[in-house]
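Got the model loaded in your viewer? Let's walk through it stop by stop, with something to select each time.

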Amino acid sequence: MSAKKEPSVWHGFKAFLMRGNVVDLAVAVVIGAAFSNIVNSVVKGIINPLVGAIGTKSLDSYSSCLKDPCQVSADGTVKSGVPILWGSVLGATLSFVITAAVVYFLMVLPMSKYLARQAARRAAREGTKEIVEVTELEVLKEIRDALVAQRGPVRDER
């Protein structure tokens, strides 16, 4: 009886890490973390003042109350009522959209264009190789036909 050798856990782990989607996810997480401070600064330094020109200074101060009276202390704890802090959700959503746009336009789009060019080059090389192989096959057929013509007709010797 021959026992099949199962792949080791280490080989399975390496294969998992080398999958394209895991590497893409890791890049997205690292880039997203690196840009989070920049994005938060943009939201707080540009978007919040623009919102402040219309209403309050910060998106965080926008809220609604489900159960009156709503009282929230300066540290964010709720004293009474049921407040919905939709302004902070809007600020977080803007941060997410800006981060996603930066990651897409600076990482994903250039990488996909690069991979498409690589695939086109590879396909062009394979197409050239096929043409050369077909041409060689045609030459060999012509040589065979020429040899048969020189020998004369093939006789059936039975």
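Start with the largest pocket, which has a volume of about 240 Å³. Keep in mind as you go that this is a predicted model. To light up the pocket wall, select V23, D24, L25, V27, A28, V103, M107, V108, M111, S112 and L115. Two elements each give two or more residues to that lining: α2 (20-54) and α3 (86-151). Colour those two helices separately and check which one gives the largest share of the wall. That's α3, with six residues. Now recolour the lining by residue type: nine residues are nonpolar, one is polar and one is charged.

Next, zoom out and switch to a cartoon view. How many helices and strands are in the chain? You should find three helices and two strands. Trace the chain along its sequence and the pattern reads α-α-β-β-α.

While you're zoomed out, put a surface on the whole thing. The chain exposes about 13300 Å², and carbon and sulfur atoms supply 65% of that area. Of the 158 residues, 9% count as buried. If you draw contacts between residues with a separation of 6 or more, 40% of them link residues 24 or more positions apart.

Now for the strands. Select C70, which sits in strand β1 (residues 64-72). Is C70 buried, partly exposed or exposed? C70 counts as partly exposed, because its relative accessibility is 29%, and the partly exposed class runs between 20% and 50%. Add G81 to your selection and draw a C-alpha to C-alpha distance: C70 and G81 are 4.2 Å apart in space, although 11 residues separate them in sequence. Then show the other neighbours of C70. Leaving out residues up to four places away in sequence, C70 touches C65, S80, G81, V82 and P83.

Last stop: charges. Side chains of opposite charge can pair when their charged atoms come close. How many salt bridges does a search of the whole structure find? One. To see it, select R144 and D145, and show their side chains as sticks: the closest N and O atoms of this salt bridge are 3.1 Å apart. Is either partner tucked away? R144 counts as partly exposed because its relative accessibility is 48%. D145 also lands in the partly exposed class, because its value is 41%.

Technical notes. Residues numbered from 1 in each chain as written. Predicted model: local features only at pLDDT ≥ 70, side-chain atom pairs only at ≥ 80, totals over all residues. Heavy atoms only, no water. 1 Å grid on protein atoms, 1.4 Å probe; cavity = no way out; pocket = protein on both sides within 12 Å on 5 of 7 lines; lining within 4 Å. Points joined across faces, edges and corners; volume = space filled by probe spheres on them. Helix = DSSP H or I, 4+ residues; strand = E, 2+ residues; numbered from the N terminus. Nonpolar A, V, L, I, M, F, W, Y, C, P; charged D, E, K, R; others polar. Buried < 20%, exposed > 50% of the residue type's maximum accessible area, 1.4 Å probe, protein only. Contact = heavy atoms within 4.5 Å. Areas by Shrake-Rupley, 256 points an atom, 1.4 Å probe, with all protein chains shown as cover. Salt bridge = Lys/Arg side-chain N within 4 Å of Asp/Glu carboxyl O.
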